[in-house]
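I opened this notebook to record what I looked up about the pocket, the chain interface and the salt bridges, in that order.

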Amino acid sequence: LTSARYALLALRAALGAVFIVSGYQKLTSPVQNFEAVIGKFEMLPGPAVSFVAHTLPWAELVGGALFVFGLWTGPALFVLWAMNSAFIAALGAALLRKLPIEECGCFGEALTLSPKQMLGIDAALWALFLLFFTASRRLRPPSLDDTLGP
Amino acid sequence: MRWKKFAAAAAIAALCAGAVLLTRLFAPNSEEVMKKRIAERSLGSDKAPVWVTEYIDYQCPPCAAGAKLLKKAMEEHPGQIYLQARYFPLPAHKNALKAAVYAECASRQKGKFWAFHEKVFENQKEWAQDPYAQIRFAAYAETAGLDLKKLDACSHDPEIEKAVMAEKEKASELGVKITPTFFVNGKMVVGTNRLAAEIASALEKKEAKP
């Protein structure tokens, strides 16, 4: 039982780390790069593109960090999972519309991935979030939530 | 105990913000790099009020569109724009590095760079997927009036590829990731959508050169 709890802790840390890296890479690169990437998906009007480019990486970074530490785990899980679902929708729509996107820009300069590859990774992450959500209801992995109390 | 959770969350958020701000603090200043001049790959007078530096991948279609747009802007505003071309060949484009190497070799034959640069962009579809693209580059070079013997020797010199990659490395340090990326009087513009508007705005302001 204890090892299962620690496995869940490792899963939570890994899922959070993905979002930390993704957010950090975007935040330490000029925002124009991410604006251009969002623009390529042709889903949002100009001002919304700029708003999302400025705010989403912070949500990824802080949400990911809170999730890693297990602080406000429930809300952090909801935010990360919602972003993950939105990425799947955006990538899926781009592929269906055959938009000329060569690189998804999801990880800034750290990793070059095509939309198809990224869609596969996002789908896998979605499944891992589901696994964490289901398993953590029975086996509570160690977290700051438990340490600091309600 | 609730305040403890708020304090912990604030500490985590501060840690995140600190890491980002610290990284940004040590990022190179784009205006510093804009001061450098590459005479062989520049067009117009460096006294012009608007300086545009383009980071290009010869195999990227929006870069070809950007090059056309810049040519038009320079014709419409003679003496107002100073243009510099820099290389940023993306690994996903298999002939982009080869094209940049040939362009660099063209730039080393005085006054021949821009004619070759235009030919390569004009015929992008022809050579983009060609495994023997260098044969096509040599043909464009001949049309552009380059010395083919010198070009051939230069294109096999490993130092040229190193120079191209070093330029790309410097651009990466500036945060360039996508092509085309432009700097209009030091302001970064990614893609061609906003390029015309930024040039128009810079021309309106007639800002002092960077």
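The entries below follow the order in which I worked.

**Entry 1, the pocket.** I kept in mind throughout that this is a predicted model. I began with the largest pocket, which holds about 1300 Å³ of space. I then listed its lining, which comes to 46 residues, and noted that those closest to the centre are Ala36(A), Val37(A) and Lys40(A) from one chain and Ile178(B) and Val190(B) from the other. Next I asked which elements give two or more residues to this lining. In chain A they are α2 (31-40) and α3 (46-69), and in chain B they are α3 (61-76), α9 (158-173) and β5 (187-190). I noted that α2(A) has the largest share, with 6 residues. Sorting the lining by residue class gave me 21 nonpolar, 14 polar and 11 charged residues.

**Entry 2, the interface.** I turned to where the two chains meet and found 23 residues of chain B in contact with 28 residues of chain A. The area buried between them is about 2300 Å², and carbon and sulfur atoms give 71% of that area. I looked up which three residues of chain B supply more of its buried area than any other three, and they are Lys5(B), Ile12(B) and Lys177(B), with 29% of what chain B buries against chain A.

**Entry 3, polar links across the interface.** How many salt bridges does the rule find across the interface of chain B and chain A? I found 1, and I recorded a salt bridge between the side chains of Lys5(B) and Asp145(A), at 3.1 Å from N to O. Across the interface I also counted 5 residue pairs in polar contact, with both residues of each pair at pLDDT 80 or more. On the side of chain B that touches chain A, I saw that α1 (2-25) and β5 each supply at least two residues, and that α1(B) has the largest share, with 14 residues. By class, I divided this side of chain B into 14 nonpolar, 4 polar and 5 charged residues.

**Entry 4, salt bridges overall.** Over all chains I counted 15 salt bridges by this rule. One that I followed up joins the side chains of Arg97(A) and Glu42(A), at 3.7 Å from N to O. Arg97(A) sits in the loop between α4 (73-96) and α5 (115-138) of chain A, while Glu42(A) sits in the loop between α2 and α3 of that chain, so I noted that the pair ties together parts 55 residues apart in sequence.

Conventions. Residues are numbered from 1 along each chain as its sequence is written. Chains are lettered from A and ligands numbered from 1 in the order in which they are written. This is a predicted model: local features need pLDDT of at least 70, side-chain atom pairs count only at pLDDT 80 or more; totals for chains, interfaces and linings use all residues. Side-chain values use heavy atoms; hydrogens and water are left out. On a 1 Å grid over the protein atoms alone, a cavity is a set of points where a 1.4 Å probe fits but cannot get out, and a pocket is an open set with protein on both sides within 12 Å along at least five of seven lines; lining residues have an atom within 4 Å of a point. Grid points are joined across faces, edges and corners, and a volume is the space filled by probe spheres set on the points. Helices (H or I, at least four residues) and strands (E, at least two) are DSSP runs, numbered from the N terminus. Ala, Val, Leu, Ile, Met, Phe, Trp, Tyr, Cys and Pro count as nonpolar, Asp, Glu, Lys and Arg as charged, and the others, Gly among them, as polar. Contact means heavy atoms within 4.5 Å. Buried area is the accessible area (1.4 Å probe) that two parts lose on being put together, summed over both. A polar contact is a pair of N or O atoms within 3.5 Å; within protein, one must be able to donate a hydrogen and the other to accept it, and residues adjacent in sequence count only if both atoms are side-chain atoms.
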